[in-house]
Amino acid sequence: MFKVKNPHIAEIPEDILSHIGLGTKTHDLKAMFGDVKFVCMGGSTTRMEGFAKYLTTELDMVPEDGQLRNLAQGTDRFVLYKVGPVLSVSHGVGIASISVVFNEILKLLHHAECTADVEIFRIGTSGGIGVEAGTVVVTSKPVNDQLQEAYHLHRVGKIETFPTVLDEGLAKELMECASDFPVVYAKTMASEEFYEAQGRTDGAFCDHSDEEKMVFLNTLHETGVRNIEMEATYFGAMCKRADIKGMNNNSVSVIFMIIYKTNGFSIQTFVGAIACVAMLDRLKGDQTYISNEDKEEWEMRPQRLVARYIKKRL
């Protein structure tokens, strides 16, 4: 079954997952979530509610009472919906925000004693780099603004670096599910901030020139980056950090694996992928000038991609 690596968890008499409004004594987490196979994360609460509703139709899985409920209703930080074996959860904007819910979702899977292989997706929006607006970028390698495939964690006065790795096989399976909109497989840069850290000149502060911005963006493009968002390095690093060490005897292509041994048997895998739509091409500007119709259509593209994959797997 799925287990987190923190040995201190076993010493906590009651684990309160405060940011998603759940706890080990207030909820029967095993009964509620023990069958989870897929976790889908996105920034917007409204978008992830909409994705959950979309899944009920696509997967033909309507709750028994016909009511789709926010299972994190005990808090206003995030939303959490469950459609069959799929979780749809919001993560807010940026690494600081996603780190909170990512930790609590992993602990949720731990306490629920999930026995299935778990696949986790980030679906959302981004700024494209040399791609047509509306293109979905499936991330090959998350990089930081120094073009390093690394996430730097500051903790107890120290800095620790974790590699950012995503599952190539899962990403390519996702791409096979796209037929009606453009999809590319490329590097994604994760920034610490939306405006200056992404080279924008339209924020409240700006101490760089348009020329410096274009040098930065063109360098990203030349090194294979095709979009910028704000979570990819953390997402990739923490999936990898969850103790992916090798492959079990029945797998030949899975890169991410959480391996736990019981009497010599490997019993759990954990893989992750990122698919984000480009809402504009940053090589052409900083502002997004699109109709509401295009915005809604483009935002649905990563959702449709992941929903098709899940439907195929089920």
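This dialogue reads several features of a predicted model of one protein chain.

User: Where should I start: what secondary structure does the protein chain have?

Analyst: Begin with the count of elements. The protein chain has 14 strands along with seven helices.

User: How do I judge whether that chain is as compact as a globular protein of its length, and what is its radius of gyration?

Analyst: Compare the radius of gyration with the value from the globule rule. For 314 residues the rule gives 20 Å, and the protein chain has 19 Å, which is close, so the chain is as compact as a globular protein of that length. As for extent, the C-alpha trace spans about 60 × 45 × 40 Å along its principal axes.

User: What share of the residues is buried?

Analyst: A residue counts as buried when its relative accessible area is under 20%. Of the 314 residues in the protein chain, 51% are buried. The accessible surface of the chain is about 14,800 Å², and carbon and sulfur atoms account for 49% of that surface.

User: What do the contacts say about sequence separation?

Analyst: Take the contacts between residues at least 6 apart in sequence, then ask what share joins residues at least 24 apart; in the protein chain this share is 74%.

User: Which residue could serve as an example, and where does it lie?

Analyst: Take Ile-20, in the loop between β1 (16–17) and β2 (22–23). Ile-20 has a relative accessible area of 0%, and therefore counts as buried.

User: Which residues are in contact with Ile-20, leaving aside its neighbours within four places in sequence?

Analyst: The contacts are Leu-71, Ala-72, Thr-75, Val-101, Glu-104, Ile-105 and Leu-108. One of these, Val-101, is 81 residues from Ile-20 along the chain, yet their C-alpha atoms are separated by 7.4 Å.

User: How many disulfides does the structure hold?

Analyst: The test is a pair of cysteine sulfur atoms within 2.5 Å. The structure holds zero disulfides.

User: Why does Cys-114 have no bond to the closest cysteine sulfur?

Analyst: The closest cysteine sulfur to that of Cys-114 belongs to Cys-40 and is 14 Å away, so the two are too far apart for a bond. Cys-276 is in no disulfide either, and its nearest cysteine sulfur, again that of Cys-40, is 12 Å away.

User: Are Cys-114 and Cys-276 buried or exposed?

Analyst: Cys-114 is buried, at 0% relative accessibility. Cys-276 is buried as well, with a relative accessible area of 1%.

User: How many charges does the chain carry, and how far apart are their mean positions?

Analyst: Average the places of the charges of each sign, then take the distance between the two means. The protein chain has 33 positive and 43 negative charges, with mean positions 6 Å apart.

Definitions and conventions: Residues are numbered from 1 along each chain as its sequence is written. This is a predicted model: local features need pLDDT of at least 70, side-chain atom pairs count only at pLDDT 80 or more; totals for chains, interfaces and linings use all residues. Side-chain values use heavy atoms; hydrogens and water are left out. Buried means under 20% relative accessible area, exposed over 50%, partly exposed in between (1.4 Å probe, protein chains only). Helices (H or I, at least four residues) and strands (E, at least two) are DSSP runs, numbered from the N terminus. The radius of gyration is taken over C-alpha atoms; the globule rule is 2.2 Å times the number of residues to the power 0.38. Contact means heavy atoms within 4.5 Å. Accessible areas come from the Shrake-Rupley method with a 1.4 Å probe; for residues, only the protein chains shown count as cover. Lys and Arg count as positive and Asp and Glu as negative; His and the chain ends are not counted. The place of a charge is taken as NZ of Lys, CZ of Arg, CG of Asp or CD of Glu.
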